[in-house]
Amino acid sequence: MTQTSETKKDLPVNWYKFLYVAFVLFSAYFLLVSRDLSSAVSNLGIALIFDPFDQKMSWGKRPIWQRAWLLIHVSLVLVGFGFMIFSK
């Protein structure tokens, strides 16, 4: 039995940054213009998929400001989900 391996092709880092910023802007639009908290929070969560920093660098080797940025981003998503759940 032969084993085949699929190679994953990564996007260039510029695309990750572009998509990250795009989803953060979508989130701001839904929050400020449409007043749709659920869409804003979900787009903000999707933005985390596109880590704007070097994804090949392990978490422990990243500069502290990058770790802080991503932790604040996750915190905002969790607070948004909390508002969605407990505000009704």
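Is phenylalanine 53 buried or exposed? In this predicted model, phenylalanine 53 has a relative accessible area of 13%, and because buried residues are those under 20%, phenylalanine 53 is classed as buried.

The aromatic residues of the model were examined next. The structure holds six aromatic pairs. In one of them, formed by tryptophan 15 and phenylalanine 18, the ring centres lie 5.8 Å apart and the ring planes meet at 90°, so the arrangement is edge-to-face. Tryptophan 15 and phenylalanine 18 both belong to helix H1, where a spacing of three residues separates them by about one helical turn. Tryptophan 15 has a relative accessibility of 47% and is therefore counted as partly exposed, since that class covers values between the 20% limit for buried and the 50% limit for exposed residues.

A further pair is made by phenylalanine 53 and tryptophan 65, whose ring centres are 5.2 Å apart and whose planes stand at 90°, so that this pair, too, is edge-to-face. Phenylalanine 53 is located in the loop between H2 and helix H3 (64–86), whereas tryptophan 65 is part of helix H3, and the pair therefore ties together parts that are twelve residues apart in sequence. Helix H3 also carries tryptophan 69, which is partly exposed at a relative accessible area of 47%. When neighbours within four places in sequence are left aside, tryptophan 69 is in contact with Tyr20 and with Phe53. One aromatic cluster, in addition, is formed by Tyr16, Phe23, Phe26 and Phe50.

With regard to nonpolar packing, the largest nonpolar core is made up of six residues, namely Tyr16, Leu19, Tyr20, Phe23, Ala47 and Phe50. Helix H1 (residues 13–32) supplies the largest share of this core, contributing four residues. Alanine 47, a member of this core, touches Tyr20, Phe23, Val24 and His73 when residues up to four places away in sequence are not counted.

A polar side chain was also considered. Serine 39 is found in helix H2, which spans residues 37–47, and its relative accessible area of 18% places serine 39 in the buried class, because the limit for that class is 20%. The side chain of serine 39 is joined to that of aspartate 36 by a polar contact of 2.6 Å.

Key:
Residues numbered from 1 in each chain as written. Predicted model: local features only at pLDDT ≥ 70, side-chain atom pairs only at ≥ 80, totals over all residues. Heavy atoms only, no water. Helix = DSSP H or I, 4+ residues; strand = E, 2+ residues; numbered from the N terminus. Buried < 20%, exposed > 50% of the residue type's maximum accessible area, 1.4 Å probe, protein only. Polar contact = N/O pair within 3.5 Å; in protein donor to acceptor, adjacent residues only side chain to side chain. Core = buried A, V, L, I, M, F, W, Y, C linked by side-chain atoms within 4.5 Å. Contact = heavy atoms within 4.5 Å. Phe/Tyr/Trp six-rings, centres within 6.5 Å; stacked < 30°, edge-to-face > 60°.
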